[in-house]
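Visitor: I am new to this structure. Please choose one part, look at it closely, and then show me what surrounds it.

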Amino acid sequence: MRKRVEPVRLGTLEQQVMDVLWDHGPLTIRQVITQLTAEPAYTTIATVLSNLERKELVTSERVGRSVHYSARHSRERHAARLMEQALATSKDRAASILHFVDAIGPDDAQLLRDYLTQRGDPR
């Protein structure tokens, strides 16, 4: 039986914070705030980072007197995880995969073909 993947839902501010961490690497709360377009309160970003840590998307590390937060996974791994979650919610996994492949462009289809060939799955 396939392992059930819990959905990772991100609010708008959570997504913005994750984008900052993916773009800039480990940052303190104050550094995250300076990278955002709006200027949310320090406690708001502290809460968002705490929630992201609870969702296992962020790790924290004490460096001297400050705490640095970093993304636990790459942006690409996160996107793949979202696709896995979408497939897990489908009642017909095969049909969902085929619909997805039908919807991708020729460049992405070639990328997929090349990857499967490289992996040893000729097609």
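Guide: Arg75 is partly exposed, because its relative accessibility is 32%, and that value falls between the 20% and 50% cut-offs. Keep in mind that this is a predicted model. The side chain of Arg75 meets that of Asp23 in a salt bridge, with 3.1 Å from N to O. This pair connects distant parts of the chain. Arg75 sits in helix α4, Asp23 sits in helix α1, and 52 residues separate them. Asp23 counts as exposed, since its relative accessibility is 51%, and exposed means over 50%. A third residue joins in. Asp19, Asp23 and Arg75 are linked in a network of salt bridges.

Now look at where Arg75 falls along the chain. The chain is divided into domain 1, residues 12–71, and domain 2, residues 75–120. Between the C-alpha centres of the two domains there are 30 Å. Helix α4 covers residues 75–89, and helix α1 covers residues 12–24. The bridge from Arg75 to Asp23 therefore runs from one helix to the other, α4 to α1.

Stay with helix α1 for a moment. Trp22 belongs to this helix. Trp22 is buried, because its relative accessibility is 17%, and buried means under 20%. Trp22 and Glu76 are 54 residues apart in sequence, yet their C-alpha atoms are 9.9 Å apart in space. Val17 is found in helix α1 too. It is buried, with a relative accessible area of 0%. Its C-alpha lies 30 Å from that of Gly105, which is 88 residues away along the chain.

Helix α1 has another charged contact. What does Glu14 meet in a salt bridge? The partner is Lys55, at 3.1 Å from N to O. Glu14 lies in helix α1 and Lys55 in the loop between α3 and β1, so the pair ties together parts that are 41 residues apart in sequence. Glu14 is buried, since its relative accessibility is 10%. Lys55 is partly exposed, at 22%. In general, side chains of opposite charge can pair when their charged atoms come close.

The loop that holds Lys55 has a second point to notice. Glu56 lies there as well, between α3 (42–54) and β1 (58–63). Glu56 is not a glycine, yet it has a positive phi of about 65°. Its relative accessible area is 48%, so Glu56 is partly exposed. Step into helix α3 and you find Thr43. Thr43 is exposed, because its relative accessibility is 55%. Thr43 and His24 are 19 residues apart in sequence, and their C-alpha atoms are 21 Å apart.

Go back to the second domain. Glu84 forms a salt bridge with Arg77, and the closest N and O atoms are 3.0 Å apart. Glu84 is partly exposed, with a relative accessible area of 32%. Arg77 is partly exposed too, at 37%. Across the whole structure, 4 salt bridges are found.

The helix that holds Arg75 also helps to line a pocket. The largest pocket has about 620 Å³ of space. Its lining is made of 16 residues. Helices α4, α5 and α6 each supply at least two of them. Which residues lie nearest the centre of the largest pocket? They are Met83, Ile97, Phe100, Val101 and Leu112.

Those names come up again on the surface. Met83, Ile97, Phe100, Val101 and Leu112 form a nonpolar patch, with about 400 Å² of accessible area together. Helix α5, residues 93–103, gives the most to this patch, with 3 residues. Leu112 comes from helix α6, residues 106–119. Leu112 is partly exposed, since its relative accessibility is 35%.

To finish where we began: Arg75 in α4 reaches Asp23 in α1, and Asp19 shares their network of salt bridges.

Conventions: Residues are numbered from 1 along each chain as its sequence is written. This is a predicted model: local features need pLDDT of at least 70, side-chain atom pairs count only at pLDDT 80 or more; totals for chains, interfaces and linings use all residues. Side-chain values use heavy atoms; hydrogens and water are left out. Patches are made of residues with over 30% relative accessible area and no salt bridge: like charges are joined within 9 Å, nonpolar side chains (Val, Leu, Ile, Met, Phe, Trp, Tyr) within 5 Å. Accessible areas come from the Shrake-Rupley method with a 1.4 Å probe; for residues, only the protein chains shown count as cover. Helices (H or I, at least four residues) and strands (E, at least two) are DSSP runs, numbered from the N terminus. Buried means under 20% relative accessible area, exposed over 50%, partly exposed in between (1.4 Å probe, protein chains only). Domain bounds come from an automatic or database domain assignment. On a 1 Å grid over the protein atoms alone, a cavity is a set of points where a 1.4 Å probe fits but cannot get out, and a pocket is an open set with protein on both sides within 12 Å along at least five of seven lines; lining residues have an atom within 4 Å of a point. Grid points are joined across faces, edges and corners, and a volume is the space filled by probe spheres set on the points.
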